[in-house]
Amino acid sequence: MEFFAQIPFAFHVAYVVFIGLCIGSFANVCIYRMPLKESLVFPGSHCPSCNSAIKIYDNIPVLGYLLLQGKCRNCKTRISARYPLVEALTAALMTGVFLKFGFTWECLAYLIVTPALVIITAIDLEHQIIPDALTLPGIVLGLAAGSYIMGPINSIIGFLVGGGLFYGIAVASPFIFGKEGMGGGDIKYIAGVGALLGWKSVLLVIFVGSFLGAVVGLVQKLFMGKGSQIPFGPYLAAATYIVIMAGDELIRLYIQLVV
Ligand SMILES: [Zn+2]
């Protein structure tokens, strides 16, 4: 840590942004290939339309997209704006984590989790699934990092509270609401969040996620005349990031307003 302290802070921020952009680029690969169960490393990036390999200089995060004006160099098919958006968002969210937590092990754990939140959001929006390839390693990381941050007992209690609550909803929903209420991916996801953040924070994640879902659903109903078709995963992912960044402030605000 002594060595890091010698380097100007702006330089640290600059390389976190740079690493964030590169990981965002890899997140795009995960978003496209994980639901298809394709390899993440082989073959290299290629245009989904004409299949031509993407040149290394066209593959530069965000900049490559801007220089190509959002079109494939070979076949001129439009490239989805999702690619630069995912890259920029991943870099921005990871930089936020670094600014808040600095050089701590906590920071490292959250820097690993953050790109996964972006990937989960994009995949769940498009395919209505949260892949095991993300949630199962997430549970392992959650238990390891959570045990380090708040002790193994708290981590396991968080895992059981999060997973148990959603599992209960999944079992009860068909009887109460007459339909499926919770996917297996959601259960594994929230169990991992509970393991990482503990039982209080996982309850807050569920509350904030439900609140966001209700607000977006209401806006859609008012302005588009139909209920929300968005799955729960993106709201849970957004809520997880919010609780990581501002969970303590939210709890303080809640206590001030209610007590
Ligand atoms: Zn092409």
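**A214 on helix 9, which covers residues 199-224.** A214 counts as exposed, because 12 C-beta neighbours fall inside 10 Å (20 or more other C-beta atoms within 10 Å of a residue's own make it buried, 12 or fewer exposed, and anything in between partly exposed, with C-beta atoms placed from the backbone). Follow the chain to I56, 158 residues apart from A214, and the two C-alpha atoms turn out to be separated by 43 Å. Please keep in mind that this is a predicted model, in which local features need pLDDT of at least 70, side-chain atom pairs count only at pLDDT 80 or more, and totals for chains, interfaces and linings use all residues. Residue numbers start from 1 along each chain as its sequence is written.

**The whole protein chain, with its 10 helices and 0 strands.** Helices (H or I, at least four residues) and strands (E, at least two) are DSSP runs, numbered from the N terminus. Reading along the sequence gives the pattern α-α-α-α-α-α-α-α-α-α. The C-alpha trace spans about 60 × 55 × 35 Å along its principal axes. The radius of gyration of the chain is 20 Å, which agrees with the value near 18 Å for a compact globule of 259 residues (taken over C-alpha atoms, with the globule rule being 2.2 Å times the number of residues to the power 0.38). Of the 259 residues, 34% are buried. Take the contacts between residues at least 6 apart in sequence: 67% of them join residues at least 24 apart (a contact means C-beta atoms, placed from the backbone, within 7 Å).

**Helix 7 (residues 152-176) against helix 8 (residues 184-197).** Two packed helices are described by the angle between their axes and the distance between the axes. Here the axes come within 6 Å and cross at roughly 155° (axes are lines fitted to C-alpha atoms, for helices over the stretch in contact, and angles run from 0 to 180 degrees between N-to-C directions). Helix 7 and helix 8 are therefore roughly antiparallel (under 35 degrees is roughly parallel, over 145 roughly antiparallel, 65 to 115 roughly perpendicular, and the rest oblique). Their crossing is right-handed (the near helix is turned clockwise from the far one by less than a right angle, and anticlockwise for left-handed). Helix 7 brings S155, G158, F159, V161, G162, G163, F166, Y167 and A170 to the contact, and helix 8 brings D186, I187, I190, A191, V193, G194, A195 and L197. By class these residues are 11 nonpolar, 5 polar and 1 charged (Ala, Val, Leu, Ile, Met, Phe, Trp, Tyr, Cys and Pro count as nonpolar, Asp, Glu, Lys and Arg as charged, and the others, Gly among them, as polar).

**Helix 6 (residues 132-150) against helix 7.** Now the axes are 7 Å apart, and the packing angle is about 135°. Helix 6 and helix 7 are therefore oblique to each other. Helix 6 passes helix 7 in a right-handed crossing. On helix 6, look for G142, L143, G146, S147 and M150; on helix 7, the partners are P152, N154, S155, G158 and F159. This contact has 4 nonpolar, 6 polar and no charged residues.

**Helix 6 against helix 8.** These two pack at an angle of about 20°, again with an axis separation of 7 Å. That angle makes helix 6 roughly parallel to helix 8. The crossing of helix 6 and helix 8 is left-handed. Contact residues on helix 6 are D132, T135, L136, G138, I139, G142, L143, A145 and G146, and those on helix 8 are G185, K188, Y189, A191, G192, V193, A195, L196 and L197. They comprise 10 nonpolar, 6 polar and 2 charged residues.

**Backbone features in the loop between helix 2 (9-33) and helix 3 (63-67).** Most residues other than glycine have a negative phi, and most peptide bonds are trans. Zoom in on P43, found in this loop: a cis peptide bond joins F42 and P43, with omega about -5°. K37 lies in the loop too, and its phi is near 55°, a positive value in a residue other than glycine. K37 is exposed, because 8 other C-beta atoms lie within 10 Å. V62 also has its place in the loop between helix 2 and helix 3, with a positive phi near 60°. V62 is partly exposed, because 17 other C-beta atoms lie within 10 Å.

Note on methods
Contact = placed C-beta atoms within 7 Å.
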